[in-house]
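Please open the model in your viewer and keep the selection panel at hand, since this tour moves from one selection to the next.

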Amino acid sequence: MTAPHTVTTPDLAGRTALVTGAASGIGRACALRLAAAGAKVRAVDRDAEGLAALAAHADRSPGLPGAVEPHLLDLMDLDAAEAVAAGTDILVNNAGLQRVRPIEQFPPEEFHTVLTVMLEAPFRLIRGALPHMYSQEWGRIVNISSVHGLRASPYKSAYVAAKHGLEGLSKTAALEGAPHGVTSNCVNPGYVRTPLVEAQIADQAATHGIPPERVLSDVLLKDSALKRLVEPEEVAEAVAYLCTPQASFITGTSLVLDGGWTAH
Ligand code: NAD
């Protein structure tokens with residue numbers, strides 16, 4: 001443990017971190033942040049182009065050449081997801097997707113996809129990662145949840161169900177992992193400036209029957225006290241914090257970055 005009042009960054013030299021959904025947005029920022037802390041990052045995504053761009057970016061960045069290893073994988077392949085997690089010290093369950101439809105019009109196969117990628121794959125990744133974490137008595141599981149892990153919004157049944165499920169999975173992993181030096185937590189952002197949000201604006205405009213330029217103020221930031229989007233780097237900083245020695249007593253909880261949304 002370092003002295004109080006010391007500003008810390010985790011020293012992750014010698015650690016292997018796996019980040020899912022690393023080709024874009026929050027996952028990309030997490031991959032680069034954990035690599036900057038010294039970790040070897042296994043960057044998992046189904047987007048080959050995005051992964052290649054991430055690895056190229058790391059290779060051009062001082063101190064990061066070779067730190068990010070792209071791993072092309074569709075997380076709908078649950079056996080492969082479990083296998084790729086073997087041997088990781090830090091697991092960031094981040095990959096996700098959004099569908100905005102009223103329940104009675106929500107395509108059942110899309111509900112299944114969202115639940116598989118955002119809840120069942122994290123279960124399988126944790127399952128694959130735990131034996132190594134337990135054997136060395138150290139591991140960090142960080143699940144990128146959302147305000148929607150704590151609150152519902154209309155038209156997001158699959159997403160809200162998956163994130164609420166992820167909260168339960170994370171807490172259970174915390175209880176089981178505690179005797180083995182493994183912590184498990186959620187990080188819960190409000191709206192983050194990423195392609196996932198940009199893609200949602202047209203969808204939300206159509207569903208709510210309002211022009212796209214009003215979606216940010218009238219829908220997305222309606223309940224946020226701070227009227228701005230969160231940056232992916234701010235979310236990555238919270239993930240890195242949960243890997244510091246100072247955060248080792250934090251487990252089974254949710255670190256909320258929501259601009260005051262859940263203060264209502
Ligand atoms: P993003 O769309 O920028 O990135 C998501 C990544 O996940 C993409 O690279 C995509 O290819 C990958 N992915 C999706 N399905 C996959 C699959 N089947 N197999 C492998 N990879 C797959 O999104 P983001 O905004 O960075 O979101 C990342 C996480 O943060 C998600 O879990 C999301 O729910 C959560 N989150 C986002 C926001 C936000 O406002 N953007 C807010 C709260 C929580």
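**Around the ligand**

Begin by selecting the ligand in this predicted model together with its surrounding shell of 28 residues, of which Ser24, Asp45, Tyr159, Val192 and Thr194 come nearest. If you colour that shell by residue class, you will find 14 nonpolar, nine polar and five charged residues.

Next, select tyrosine 159, where a polar side-chain atom lies 2.5 Å from an oxygen atom of the ligand, and then lysine 163, which has a side-chain N or O atom 2.8 Å from an oxygen atom of the ligand. Add arginine 46 with its backbone shown, because here, under the 3.5 Å cut-off for a polar contact, a polar backbone atom of arginine 46 is 3.4 Å from a nitrogen atom of the ligand. Taken alone, the ligand exposes 820 Å², and the protein buries 94% of that. With the surface switched on, look at the space that the ligand takes, which is the largest pocket.

Now show the helices: H1 (25-36), H5 (157-177) and H6 (195-208) each supply at least two residues of the shell around the ligand, and H6 gives the most, with three residues.

**A salt bridge to select**

Leave the ligand and select arginine 99 and glutamate 110, which form a salt bridge whose closest N and O atoms are 2.9 Å apart. Arginine 99 lies in the loop between strand S4 (90-93) and helix H4 (108-136), whereas glutamate 110 lies in helix H4, so the pair ties together parts that are 11 residues apart in sequence. To extend the selection to every such pair, expect a count of 10 salt bridges.

Technical notes:
Residues numbered from 1 in each chain as written. Predicted model: local features only at pLDDT ≥ 70, side-chain atom pairs only at ≥ 80, totals over all residues. Heavy atoms only, no water. Near = heavy atom within 4 Å. Polar contact = N/O pair within 3.5 Å; in protein donor to acceptor, adjacent residues only side chain to side chain. Areas by Shrake-Rupley, 256 points an atom, 1.4 Å probe, with all protein chains shown as cover. 1 Å grid on protein atoms, 1.4 Å probe; cavity = no way out; pocket = protein on both sides within 12 Å on 5 of 7 lines; lining within 4 Å. Sits in = over half its atoms within 2 Å of the grid points. Helix = DSSP H or I, 4+ residues; strand = E, 2+ residues; numbered from the N terminus. Nonpolar A, V, L, I, M, F, W, Y, C, P; charged D, E, K, R; others polar. Salt bridge = Lys/Arg side-chain N within 4 Å of Asp/Glu carboxyl O.
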